[in-house]
Amino acid sequence: EKNGELWVAHPACWIDLVNNTNINIQIDSFYSGSYLAESLTIVAIPPFPGTYKILKSGPLPHSYLDISDGDQQLGLYLISESDSTNQMTLDSYDTLSKEIKGTFNLTFLVEHRPYSYSPDTIRFRDGKFHGKLIKK
């Protein structure tokens with residue numbers, strides 16, 4: 001759920017090219033099935049099942065939300081550091097099939113408002129992802 005409403009998006013998951021171990025997940029929503037609207041990105045997830053606190057930035061797991069109009073970034077939301085529920089759980093990681101599954105709860109605050117009517121805060125609750133790690 002995004003701000004209490006159903007949010008459907010598609011994940012892309014890959015191994016970090018810098019340290020070659022951590023997992024990055026980008027969950028994209030699209031207008032009309034093919035026009036990029038939002039990208040929720042979670043970066044630097046250890047490749048081991050567990051629950052991880054998500055921070056605003058840094059080498060530890062962190063996240064941000066881009067609002068786009070196709071290929072042009074319009075807005076940016078960063079993790080609220082005052083929300084203690086910002087976390088993601090990597091439920092499973094199959095090293096053979098490269099399949100991962102997990103859940104997340106994240107609260108973002110506006111850094112750059114995409115539209116005048118855009119909210120100050122965006123909350124994702126009961127988020128779920130399921131994907132295969134790709135080479136990127």
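Start your tour in the largest nonpolar core, which has 26 residues: select Ile 25, Leu 40, Met 88 and Ile 100, the members that touch the most others. Now colour the elements that give two or more residues to this core: S2, strand S3 (35–45), S5, strand S6 (72–79), strand S7 (87–93), strand S8 (99–112) and strand S9 (121–134). Keep in mind as you look around that this is a predicted model.

**Stop 1: Ile 100**

Zoom in on Ile 100 and show what surrounds it. Leaving out residues up to four places away in sequence, Ile 100 touches Cys 13, Ile 23, Ile 25, Leu 90, Ser 92, Tyr 93, Phe 129, His 130, Gly 131 and Leu 133.

**Stop 2: strand S8 and its partners**

Next, select S8 and look at the strands that pair with it. S7 runs antiparallel to S8, and six bridges link the two. One pair to click on is Thr 89 with its partner in S8, Thr 103. Follow the chain from S7 to S8 and you will trace a hairpin with five residues between the strands; in its turn, Lys 98 has a positive phi of about 65°.

How many bridges join S8 to S9? There are 10, and these strands are antiparallel too. Select Gly 102 and you will find its bridge partner in S9, Phe 129. S8 also pairs with S6, again antiparallel, through four bridges. There, Ile 79 is matched with Phe 108 of S8.

**Stop 3: two neighbours in S5**

Move to strand S5 (residues 62–69) and pick Ser 68. Is Ser 68 buried or exposed? Its relative accessible area is 7%, so Ser 68 is buried. Beyond its neighbours within four places in sequence, Ser 68 contacts Tyr 31, Leu 36, Ala 37, Gln 73 and Leu 74. Try a distance label here: Leu 36 is 32 residues away in sequence, yet its C-alpha lies 6.3 Å from that of Ser 68.

Now select Ile 67, also in S5. Ile 67 is buried as well, with a relative accessible area of 7%. Its contacts outside the four-place neighbourhood include Glu 38, Tyr 77, Pro 114 and Tyr 115. For a longer label, join the C-alpha atoms of Ile 67 and Asp 94: they are 27 residues apart along the chain and 31 Å apart in space.

**Stop 4: Asn 24**

Finish in strand S2 (residues 23–31) with Asn 24. Asn 24 is buried because its relative accessibility is 7%. A polar atom of its side chain lies 3.0 Å from the backbone nitrogen of Ala 44. Among the other residues in contact with Asn 24 are Trp 14, Asp 16 and Ile 42.

Definitions and conventions: Residues are numbered from 1 along each chain as its sequence is written. This is a predicted model: local features need pLDDT of at least 70, side-chain atom pairs count only at pLDDT 80 or more; totals for chains, interfaces and linings use all residues. Side-chain values use heavy atoms; hydrogens and water are left out. Buried means under 20% relative accessible area, exposed over 50%, partly exposed in between (1.4 Å probe, protein chains only). Contact means heavy atoms within 4.5 Å. A polar contact is a pair of N or O atoms within 3.5 Å; within protein, one must be able to donate a hydrogen and the other to accept it, and residues adjacent in sequence count only if both atoms are side-chain atoms. A nonpolar core is a set of buried Ala, Val, Leu, Ile, Met, Phe, Trp, Tyr and Cys residues joined through side-chain atoms within 4.5 Å. Two strands pair if DSSP finds at least two bridges between them.
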